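User: Please show the model first. Then let us go through helix packing and the ligand site.

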Amino acid sequence: MDTSITLAKTLETQKEVAVLLPKKEPSLCPGPDGKIIPVCEPRLSGREGEYLAECLKTNWISSGGPFVPAFEEAFSVQCGCRYGIACTSGTTALHLAMATLGLGRGDEVILPTFTMIATANAVAYTGAKPVLVDSEPKTWNIDIEQIEMKITSRTKAIVPIHTYGHPADMDPLVSLSQRKNLVVIEDAAHAHGAEYKGKRAGGFGQAACFSFYANKIITTGEGGMITTNDEAFAEKARMLRDHAFSKERHFWHKVAGFNYRMTNLQAAIGLAQTEQFDSLVEARIKNAEIYEALLKETPGLTLPPRTPGIKNVFWMYAILVEKEFGISRDALRQRLASKGIETRTFFIPIHLQPIYRRKYRREFPVSEELCEKGMYLPSAPTLTKKDIERIALEIRRARTRKG
Ligand SMILES: Cc1ncc(COP(=O)(O)O)c(C=O)c1O
């Protein structure tokens with residue numbers, strides 16, 4: 001083998017990949033009013049404190065306390081589902097769902113390359129292989145038309161994600177999965193309260209997995225939940241969540257389980273949050289309406305998708321900075337950071353991640369474009385109209401000042 005050719009090719013690939021990646025994180029300075037507008041923060045304005053105090057008063061801080069089943073019940077009802085299985089995170093919910101399906105070495109699972117690393121990792125933890133599909137350019141969700149060509153005799157499941165709160169196109173996805181006898185697991189980490197043709201995210205497949213990390217629409221600090229309508233699936237997931245203790249004898253294990261149990265403390269916060277479900281979802285939608293009104297005439301910005309019949313909950317207000325804007329996405333982030341406004345870049349697609357990258361083949365152009373141009377603006381439920389007006393003003397100023 002000519003190693004100089006191999007090395008040259010590797011360097012060329014590294015260069016190709018490097019141009020797609022975000023530049024160094026900008027440093028955040030307080031704005032003119034001395035304030036920093038964070039990209040997100042939770043709103044804990046309901047009975048969170050009261051319920052937490054109850055955990056302490058009753059001495060129930062482990063997963064054995066009563067807030068866990070109460071939260072599972074309340075949250076799954078919001079998703080139109082019969083069962084909820086609370087977990088320690090969205091990632092463990094995904095892994096638990098994959099393990100409950102019985103996935104393992106030799107199996108393949110189809111998912112979008114444009115997602116957070118946890119979706120792919122959850123598949124890989126079981127020994128199964130993540131098989132990646134590009135996004136479609138309108139909603140940034142998995143391109144259903146490209147799924148079929150990735151299906152093989154080893155494919156067991158499809159995992160769509162409802163990107164940034166906009167549901168994936170579930171009708172064709174579910175009918176394809178039925179035709180091909182595949183299981184659908186929704187990654188609904190961003191989609192609390194989102195609706196597709198009048199139906200809530202979380203009830204479309206065999207199961208769905210939510211995240212309750214502090215930046216999510218409903219939060220428990222860290223946490224997650226599987227929702228499902230399948231009783232046997234729920235029962236198996238509960239068993240695996242709890243070290244797979246057997247029913248006939250304590251400390252007796254016939255299969256390898258996990259400890260993915262949510263604590264009573266987390267569930268207490270989760271229940272209080274779920275009591276504010278509608279207002280927390282509406283706060284994100286209201287933010288989006290204000291941003292849209294202020295930014296829609298700004299040339300060079302692509303605003304987040306709206307699709308008839310679909311309720312986008314705008315988990316994050318995500319935009320694309322096009323060439324026409326005049327300065328790059330990274331330069332805009334820099335400018336906003338210097339004015340006390342925190343932002344985030346989009347996901348770096350799975351196929352570009354060092355742990356999953358095999359041979360770079362320019363196979364996923366839409367996801368790469370999203371990675372290059374995408375960023376999200378502050379999206380907390382605590383944002384005021386004044387905050388959003390200031391952010392929009394700084395964006396318009398950055399454009400006219402050209403960098
Ligand atoms: C699409 C997606 N799936 C899964 C997760 C993992 O959730 P968690 O951080 O709760 O483990 C995230 C986290 O943001 C995510 O964005």
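**Helix packing and ligand site**

Analyst: Helix 3 crosses helix 8 in a left-handed sense, meaning that the near helix is turned anticlockwise from the far one by less than a right angle. The model is predicted: local features need pLDDT of at least 70, side-chain atom pairs pLDDT 80 or more, while totals for chains, interfaces and linings use all residues. Residues are numbered from 1 along each chain as its sequence is written, and side-chain values use heavy atoms, without hydrogens and water.

User: At what angle do helix 3 and helix 8 pack?

Analyst: Helices here are DSSP runs (H or I, at least four residues), numbered from the N terminus. Axes are lines fitted to C-alpha atoms over the stretch in contact, with angles from 0 to 180 degrees between N-to-C directions. Helix 3 covers residues 67-78 and helix 8 residues 264-274; their axes are 8 Å apart, and the angle is about 35°.

User: How many charged residues are in the contact of helix 3 with helix 8?

Analyst: Contact means heavy atoms within 4.5 Å. Helix 3 contributes residues including F67, F71 and F75, and helix 8 residues including A267, A268 and L271. Asp, Glu, Lys and Arg count as charged; Ala, Val, Leu, Ile, Met, Phe, Trp, Tyr, Cys and Pro as nonpolar; the others, Gly among them, as polar. The split is nine nonpolar, four polar and, for charged, none.

User: Which residues are closest to the ligand?

Analyst: A residue is near if one of its heavy atoms lies within 4 Å. By that test 15 residues surround the ligand, and the closest are G90, T91, D187, H190 and S211.

User: How far is an N or O atom in the side chain of T91 from an oxygen atom of the ligand?

Analyst: A polar contact is a pair of N or O atoms within 3.5 Å. G90 uses a backbone N or O atom, at 2.8 Å from a ligand oxygen. The S211 side chain has such an atom at 2.7 Å. For the T91 side chain the distance is 2.5 Å.

Definitions and conventions:
Helices (H or I, at least four residues) and strands (E, at least two) are DSSP runs, numbered from the N terminus. A polar contact is a pair of N or O atoms within 3.5 Å; within protein, one must be able to donate a hydrogen and the other to accept it, and residues adjacent in sequence count only if both atoms are side-chain atoms.
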